[in-house]
Amino acid sequence: MLPCWDDYLGDGEAGESLPYYPYAKRPNGCSVPGSIPGANDTINLFGIIISFTDICNAHDRCYYTLGTNARSCNQALQIGMRARCVEIIDNQMMTGWDMLTLGTLAATALETCYTEADAMAVGVIGAEAIDHPKAQAMQAEYLARVDAYVVAERAKATDGQ
């Protein structure tokens, strides 16, 4: 069992953000510094709930994977969120949700979803110059610490035999 080092917490994050091997931070959805992790995972458009949790988690993992490029991580986030908008809203159209408005509700929902997704992506892109290098440095430190922990535990086990 690897220890969950509390000193990796920051920005008032809750315990959900503690290390989760192999990452220095547990993927925690669409989080905003200072807010509860996952508080921004879903949007409600005309009764349709659209969740971006898995897409945001993939973005978190991308930032905490050594050697990644911030721009690539952020493009995947935006493309994934926009694709989710289409996927969910298209499925709703098939159910007749939009028949009374002859497609107007679906078009409005799709544009609103795109606007929300793009706003979230722009926020991430705006912070990439600080957040990505910080994540990369934290990940490198975390992996070095894990390696040192494993070596120490193996030494203890060997000494005990």
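**View 1. Q139, a buried side chain in helix α3 of the predicted model.** In this predicted model, Q139 has a relative accessibility of 2% and therefore counts as buried, the threshold for that class being under 20%. Q139 belongs to helix α3, which covers residues 104-159. The side chain of Q139 reaches to the backbone nitrogen of A24, with a distance of 2.7 Å. When neighbours within four places in sequence are left aside, the residues in contact with Q139 are P22, Y23, A24, Y64 and L66, so A24 appears both in this contact list and as the partner whose backbone nitrogen is reached at 2.7 Å. For a further reference point, the C-alpha atoms of Q139 and P19 are separated by 9.6 Å, although the two residues are 120 residues apart along the chain.

**View 2. E128 and its partners R71 and N74.** E128 also lies in helix α3, and its relative accessible area of 14% places E128 among the buried residues. A salt bridge joins E128 to R71, with 3.4 Å between the closest N and O atoms. This pair links distant parts of the chain, since E128 is in helix α3 and R71 in helix α2, 57 residues apart. The two ends of the bridge differ in their surroundings: E128 is buried at 14%, whereas R71, at 53% relative accessibility, counts as exposed. A second interaction of the E128 side chain is a polar contact of 2.5 Å with the side chain of N74. Not counting residues up to four places away in sequence, E128 touches Y63, A70, R71, N74 and P133, a list that includes both the salt-bridge partner R71 and the polar partner N74.

**View 3. The R84 and D54 salt bridge between helices α2 and α1.** R84 and D54 form a salt bridge in which the closest N and O atoms are 2.9 Å apart. Because R84 lies in helix α2 (residues 70-94) and D54 in helix α1 (residues 53-63), the pair ties together parts of the chain that are 30 residues apart in sequence. R84 has a relative accessible area of 15% and is therefore buried, while D54, with 41% relative accessibility, counts as partly exposed. The bridge is part of a wider arrangement, for D54, R84 and E87 are linked in a network of salt bridges.

**View 4. The K156 and E153 salt bridge within helix α3.** Here the closest N and O atoms of K156 and E153 are 2.9 Å apart, and the two residues form a salt bridge. Both K156 and E153 lie in helix α3, where they are three residues apart, about one turn of the helix. K156 counts as exposed, with a relative accessibility of 54%, and E153 is partly exposed, with a relative accessible area of 31%. In the structure as a whole there are five salt bridges, among them this pair and the pair formed by R84 and D54.

**View 5. The charged end of R82 over the ring of Y114.** The charged end of R82 sits over the ring of Y114, at 4.0 Å from the centre of that ring. As for pairs between aromatic rings, the structure holds zero of them.

**View 6. The whole chain, as a setting for the close-ups.** The chain contains three helices and two strands, and along the sequence these elements follow the pattern β-β-α-α-α. Of the 161 residues in the chain, 33% are buried; Q139 at 2%, E128 at 14% and R84 at 15% are among the buried residues shown in the views above. Among contacts in the chain with a separation of 6 or more, 62% are accounted for by residues 24 or more positions apart. The chain exposes about 9300 Å², of which carbon and sulfur atoms supply 59%.

How values were computed
Residues numbered from 1 in each chain as written. Predicted model: local features only at pLDDT ≥ 70, side-chain atom pairs only at ≥ 80, totals over all residues. Heavy atoms only, no water. Phe/Tyr/Trp six-rings, centres within 6.5 Å; stacked < 30°, edge-to-face > 60°. Lys NZ or Arg CZ within 6 Å of the ring centre and 35° of its normal. Helix = DSSP H or I, 4+ residues; strand = E, 2+ residues; numbered from the N terminus. Buried < 20%, exposed > 50% of the residue type's maximum accessible area, 1.4 Å probe, protein only. Polar contact = N/O pair within 3.5 Å; in protein donor to acceptor, adjacent residues only side chain to side chain. Contact = heavy atoms within 4.5 Å. Areas by Shrake-Rupley, 256 points an atom, 1.4 Å probe, with all protein chains shown as cover. Salt bridge = Lys/Arg side-chain N within 4 Å of Asp/Glu carboxyl O.
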